[in-house]
Amino acid sequence: MIATAPLALKALLDSAADLAVFAYEDGAVTGAKSLPAKDRALLAEKLKEEGFKGGAKDVARVDLPLFGKPRRVFAVGLGKRKSAGAEAFRRAAGILLGAVRGKRETLAILCSENISALAEGLTLASYKYEEYKKGDEDKLKNLYLVVQDPAARASTEKTLAKVALYAEAVGLARDLVNRGPSDKTPQSLADLAETFSGAGVTVAVIHKAQAEEMGMGAFLGVARGSSQPPVMVHMVYTPKAKTKKRVALVGKGVTFDSGGLSIKPAASMEEMKCDMAGAAAVIAVFKVIARLQPKAEVHGIFAATYNMPGPDAFKPGDVLKAMNGKTIEVWNTDAEGRLILADALCLAAKQEPQIILDMATLTGAVVFALGSKVAGLMGNDRRAVQSVIAAGKRADEPYCELPLVEDYKEHIKGNIAELLNISKVRGEAGAIIAGLFLQEFVGAVPWAHLDIAGTAFSGGDYNSYTPKGATGAPVRTLLEWLEAL
Ligand code: BES
Ligand code: MN
Ligand code: ZN
């Protein structure tokens with residue numbers, strides 16, 4: 001990914017860099033205050049001649065002498081000023097990157113507002129998934145944000161460093177989710193997690209035998225159909241300053257979901273390499289957590305396994321027992337995410353955190369309900385739910401809360417065991433049913449559940465800064481959330 005660097009206005013005068021500006025629909029160019037009035041007028045006139053109106057997605061290219069040199073200037077629209085927040089800047093930045101990456105080598109951007117969103121949009125848009133083939137080489141090598149006020153240099157540098165950290169985490173989550181399913185075995189994810197151990201971070205890998213001793217029967221039940229052994233990974237970040245705050249992040253890491261014996265139809269299986277996106281988000285957070293330095297102790301737990309229909313696969317009708325002793329009647333082996341999370345949540349609750357957040361590509365139902373741009377959110381605690389919504393607003397990763405309807409608990413009461421893993425009432429409230437099931441394993445710990453089945457992976461156009469495939473959601477939400485603790 002391309003990083004943005006600050007550039008002093010003075011240095012711009014010495015360089016022949018191309019320029020970029022952003023403009024609102026009312027014609028006002030943001031960040032152009034460093035241009036002399038006559039240059040500003042000339043630029044506005046040229047843009048007008050090009051028919052550029054500043055609408056969202058509008059792009060124009062004009063040539064004119066600015067800052068003492070003939071330059072090419074790219075302009076990107078932000079839309080109406082009133083509705084243009086951080087997300088408009090992220091998207092405009094993505095459009096700018098698309099317009100210049102193959103054409104120009106050095107670009108200096110004039111901007112005075114939403115610098116963080118702008119840099120984030122540029123960097124996230126420049127992501128390419130290259131583990132199996134190299135993409136087209138970008139011509140763009142140097143990307144500068146012009147710091148017009150020398151006093152703002154330090155704060156800009158800080159902003160850009162934070163953006164780079166966020167982008168590094170998003171990039172890792174995208175890489176892991178995009179990777180072919182046979183190339184991301186549970187053990188390989190554990191190996192990656194172990195590389196994060198060091199200052200402030202410890203990593204414990206719970207293998208099958210230990211998981212058995214710990215009573216993780218639900219998790220191990222799902223793993224039985226695969227020849228690849230499962231792992232439960234428990235990472236802990238301890239801040240330098242002593243604190244009583246403790247939170248846990250829990251991720252679903254189904255490294256491929258075939259459905260198991262309740263096998264999926266071929267078309268539904270195509271994207272099931274994305275079924276470890278929750279775990280990928282937790283892993284991504286831990287890659288950067290020692291540098292992010294949140295103020296709380298953070299536990300990162302992920303349960304990783306394939307869901308396969310191998311010879312010893314668990315079967316519809318089987319009864320599994322989770323770590324908290326609850327028994328579960330399996331009616332459908334494709335509702336496996338809630339089973340592995342059951343034990344991961346028990347392990348998280350045992351750490352006695354003040355909040356647990358879990359993230360999982362859990363249900364097709366949430367995709368029906370909310371589509372690919374909004375994730376489902378449920379929880380047993382107002383503060384936990386609200387804090388995720390607020391962090392999601394800062395990241396522009398939206399959430400919609402769904403109610404954990406008490407009455408529906410009836411639908412997952414088992415016949416021969418305590419719980420069923422799917423609802424007796426078919427085709428209704430699937431995302432809520434899954435949430436109600438998970439709730440059985442957090443005890444009294446405040447908890448929120450993010451159903452990211454729609455948002456973690458995109459089959460097509462998502463937005464200008466999110467290429468097709470893994471989106472990296474909900475990594476930025478989690479980083480924002482941790483920073484606010
Ligand atoms: N991994 C899937 C959910 C999913 C669907 C993720 C679409 C990403 C995109 C999950 O394990 C699953 O199969 N859920 C079933 C549950 C059903 C059997 C109750 C579903 O949603 O169909
Ligand atoms: Mn499934
Ligand atoms: Zn699944």
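Here is a short briefing on the ligand and the two metal ions bound in this structure.

The model is predicted, so please read the distances below as computed values. Ligand 1 occupies the largest pocket. Alongside the ligand there are a manganese ion (ligand 2) and a zinc ion (ligand 3), which lie 3.2 Å apart.

**Ligand 1 and its surroundings**
- Ligand 1 is surrounded by 15 residues, and the closest of them are Lys264, Asp275, Asp334, Glu336 and Gly364.
- Sorted by class, this shell contains 7 charged, 4 polar and 4 nonpolar residues.
- The side chain of Glu336 places an N or O atom 2.8 Å from an oxygen atom of ligand 1.
- Asp257 has a polar side-chain atom 2.9 Å from an oxygen atom of ligand 1.
- The backbone takes part too: a polar backbone atom of Thr361 is 3.4 Å from a nitrogen atom of ligand 1.
- Taken on its own, ligand 1 has 520 Å² of accessible area, and the protein covers 76% of that.

**The manganese ion (ligand 2)**
- Its protein donors are Asp257 (OD), Glu336 (OE) and Asp334, the last through both O and OD, at 2.1 to 2.2 Å.
- Why is the arrangement around the manganese ion (ligand 2) irregular? The angles subtended by its 6 donor atoms run from 70 to 168°, and this makes the arrangement irregular.
- Along the sequence, the donor residues of the manganese ion follow the spacing D-x76-D-x1-E.

**The zinc ion (ligand 3)**
- Lys252 (NZ), Asp257 (OD), Asp275 (OD) and Glu336 (OE) are the protein donors here, at 2.0 to 2.4 Å from the zinc ion.
- The zinc site is octahedral, with angles of 77 to 175° among its 6 donor atoms.
- Written along the chain, the zinc donors have the spacing K-x4-D-x17-D-x60-E.

**Residues that link the sites**
- Which residue bridges the manganese ion and the zinc ion? Asp257 does, coordinating both metals.
- Glu336 is a donor to the manganese ion and also a donor to the zinc ion.
- Asp275, a zinc donor, is among the residues closest to ligand 1, and so is Asp334, a manganese donor.

Conventions
Residues numbered from 1 in each chain as written. Chains lettered and ligands numbered in written order. Predicted model: local features only at pLDDT ≥ 70, side-chain atom pairs only at ≥ 80, totals over all residues. Heavy atoms only, no water. Near = heavy atom within 4 Å. Polar contact = N/O pair within 3.5 Å; in protein donor to acceptor, adjacent residues only side chain to side chain. Areas by Shrake-Rupley, 256 points an atom, 1.4 Å probe, with all protein chains shown as cover. 1 Å grid on protein atoms, 1.4 Å probe; cavity = no way out; pocket = protein on both sides within 12 Å on 5 of 7 lines; lining within 4 Å. Sits in = over half its atoms within 2 Å of the grid points. Nonpolar A, V, L, I, M, F, W, Y, C, P; charged D, E, K, R; others polar. Donors = N, O, S within 2.8 Å, 3.2 Å for Na, K, Ca; no water. Tetrahedral: all angles 85-135°; square planar, octahedral: opposite > 155°, others 65-115°.
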